[in-house]
Amino acid sequence: MTNPTLLILAGDGIGPEVMAEVKKIIGWYGDRRGVTFDVSEDLVGGCAYDVHGVPLADATMAKAQEVDAVLLGAVGGPKYDVLDFSVKPERGLLRLRKEMDLFANLRPAQCFDALADFSSLKREIVAGLDIMIVRELTSGVYFGEPRGIFVEGNERVGINTQRYTESEIARVARSAFELARKRGNRVCSMEKANVMESGVLWREVVTKVHAEEYPDVALSHMYADNGAMQLVRNPKQFDVIVTDNLFGDVLSDAAAMLTGSLGMLPSASLGLPMANGRPKALYEPVHGSAPDIAGQGKANPIACILSFAMALRYSFDMGAEADRVEAAVAKVLADGLRTADLMGAEGGTPIGTTQMGDAIIAALDASLV
Ligand code: IPM
Ligand code: MG
């Protein structure tokens, strides 16, 4: 059997620092578990722009199409804010998502017990929280045409278009129902059917897919604004949430804070199966490039490490190993180890990025004895 292949795109800001800790874990799997990944590395975002004049070179795009999974760190930084929209670092990420057709973005929000007091919400609201947001990722207002800034009469007008086809809605709905069957068997679909035609169609299609293919799963619908409120009021009412690209972007940031820190949240972006049966896949932390702390060894590598755990689960069918990585993370948090983003009133031992990675490796070692 050939080794599984990974393309690492560490990107900008804290991306390379947090990815360095993931590389240690990939190495650990080779040394200690006999699972050797063939890893290649390339540039995305601002660092790719610096070298190639574009945030994602064609050769990198081609490599991403061939590997079993892409691991991405983060893109962007203030230095690139002045660039034309077409070459901004974020365009590199959006091109990967679009050309790999990664339509289902899985964003789990899980509250580790050791951090339940750290959330800005009360412990009883968040303790034991385990929800999964499935965000449509390749369509909607992020990609709809027409788009642009045009002149109309004597002023300019900015236009973006929310556009969803029935098949785009149906496929992401299926992803959500499939996931729900492996979890709490409940899906809540969120849109704005009260004001948007795309929301009316969304609700209709989700309802039809449910009735025809997943009648065993409990389905509910919610307007996305109410959904945002409910996420903060009583997040544990949810199991799987399925929603469009823009609502999913906003709702997943809100859900992130339920868990204490954006530095904790991983994501998986999945597409159709490839010839080898594995889905096209890209794994990345939900947090950004955090330029304010980049290069200082302060960043929390846990979101990126948990993203690798999602790769083990969803690309490599190694669910038990994903559990092992997640348990190692839970262990170091229970031991009181905290990167700066996790330092709250209740204290803990302050550590940096590499120490957090080392502690997780030590917990992985301990899991084998
Ligand atoms: C995210 C980010 C991206 C998005 C940006 C960086 C393009 O906010 O992954 O949530 O808006 O999708
Ligand atoms: Mg976002």
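This report describes the site of ligand 1 and the enclosed cavity in a predicted model.

**Ligand 1 and its surroundings**

The residues around ligand 1 are Glu 90, Arg 97, Arg 107, Arg 135, Tyr 142 and Asp 249. Sorted by class, this shell holds five charged residues, one nonpolar residue and no polar ones. Tyr counts as nonpolar in this scheme, although a polar side-chain atom of Tyr 142 lies 2.5 Å from an oxygen atom of ligand 1.

Ligand 1 lies between two domains, because both of them give residues to its shell. Domain 1 covers 1-110 + 261-369, and domain 2 covers 130-258. The space that ligand 1 takes is the second largest pocket.

**Polar contacts**

Side chains that place an N or O atom by an oxygen atom of ligand 1 include those in the table below.

| Side chain | Distance to an oxygen atom of ligand 1 |
|---|---|
| Arg 135 | 2.8 Å |
| Tyr 142 | 2.5 Å |
| Asp 249 | 2.8 Å |

Taken alone, ligand 1 exposes 320 Å², and the protein buries 75% of that area.

**The cavity**

How many cavities of 30 Å³ or more does the count give? The count comes to one. The largest cavity has a volume of about 40 Å³. Its lining includes the aromatic-ring residues Tyr 164, Trp 202 and Phe 247. Glu 191, Lys 192 and Asp 244 also line the largest cavity, and these three count as charged. The rest of the lining is made up of Gln 162, Ser 198 and Gly 199, which count as polar.

Methods: Residues numbered from 1 in each chain as written. Chains lettered and ligands numbered in written order. Predicted model: local features only at pLDDT ≥ 70, side-chain atom pairs only at ≥ 80, totals over all residues. Heavy atoms only, no water. Near = heavy atom within 4 Å. Polar contact = N/O pair within 3.5 Å; in protein donor to acceptor, adjacent residues only side chain to side chain. Areas by Shrake-Rupley, 256 points an atom, 1.4 Å probe, with all protein chains shown as cover. 1 Å grid on protein atoms, 1.4 Å probe; cavity = no way out; pocket = protein on both sides within 12 Å on 5 of 7 lines; lining within 4 Å. Sits in = over half its atoms within 2 Å of the grid points. Domains from an automatic or database assignment. Points joined across faces, edges and corners; volume = space filled by probe spheres on them.
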